[in-house]
Amino acid sequence: ALVANISDVANQAQLQAQLEANQGRLVKAIRQRNLSLETAVSAQLMDFGTALRQRTGAQLEMLQEATNDLVKRRSEAFKTRLTAQLSCLEVDCLQEAQHACGNNGSK
């Protein structure tokens, strides 16, 4: 009976050692897998950030060009309206001057 107990204790100790070794390998494998996943996710995030930065830069360039074009068109339209208004004012001033001269000359 004592030999059987010693054998059982030895078997349990051996099983315990195998269990601890298996757990150690499992922990190591999980850590390596986590590290691989972290590396993959980090690389994907970097790629996403780079793509987002490039896309945003391109959109900002397009917006800047569109804004510049709009300002140019608005400026040209404003200059055209001002020129037309100035021409009308010149005509009005000339007519006033002719009218004033005509009225002064007839008195």
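In this predicted model, E76 and K79 sit three residues apart in helix α1, which runs over residues 2–106, so about one helical turn separates the two. That spacing goes along with a contact: E76 forms a salt bridge with K79, and their closest N and O atoms are 3.4 Å apart. The pair passes because the cut-off for a salt bridge is 4 Å between a side-chain nitrogen of Lys or Arg and a carboxyl oxygen of Asp or Glu. In general terms, side chains of opposite charge can pair when their charged atoms come close. By this rule the count for the structure comes to one salt bridge. Neither partner is tucked away: E76 is partly exposed, at 45% relative accessible area, and K79 is likewise partly exposed, at 47%.

Zooming out, what does the secondary structure of the chain come to? It comes to one helix and zero strands. The C-alpha atoms fill a box of roughly 150 × 20 × 10 Å along the principal axes. The radius of gyration is 45 Å, whereas a compact globule of 107 residues would have one near 13 Å. A pair of residues gives a feel for distances along the chain: E96 and A77 are 19 residues apart in sequence, and their C-alpha atoms are separated by 28 Å. E96 itself lies in helix α1 and is exposed, with a relative accessible area of 58%.

How much of the chain counts as buried? The figure is 0% of the 107 residues. In terms of surface, the chain exposes about 9,900 Å², and carbon and sulfur atoms supply 61% of that area. As for charge, the chain carries 12 positive and 11 negative charges, and the mean positions of the two sets are 3 Å apart.

Next come the cysteines. A disulfide is a covalent bond between the sulfur atoms of two cysteines. How many disulfides does a search of the whole structure find? The search turns up zero. C93 is in no disulfide, and the nearest cysteine sulfur, that of C88, is 11 Å away. Why does C101 have no bond to the closest cysteine sulfur? The closest one belongs to C93 and is 13 Å from the sulfur of C101, which is too far for a bond. For scale, the two sulfur atoms would have to be within 2.5 Å to count as a disulfide. C101 is also exposed, with a relative accessible area of 55%.

Notes:
Residues are numbered from 1 along each chain as its sequence is written. This is a predicted model: local features need pLDDT of at least 70, side-chain atom pairs count only at pLDDT 80 or more; totals for chains, interfaces and linings use all residues. Side-chain values use heavy atoms; hydrogens and water are left out. Buried means under 20% relative accessible area, exposed over 50%, partly exposed in between (1.4 Å probe, protein chains only). Helices (H or I, at least four residues) and strands (E, at least two) are DSSP runs, numbered from the N terminus. The radius of gyration is taken over C-alpha atoms; the globule rule is 2.2 Å times the number of residues to the power 0.38. Accessible areas come from the Shrake-Rupley method with a 1.4 Å probe; for residues, only the protein chains shown count as cover. Lys and Arg count as positive and Asp and Glu as negative; His and the chain ends are not counted. The place of a charge is taken as NZ of Lys, CZ of Arg, CG of Asp or CD of Glu.
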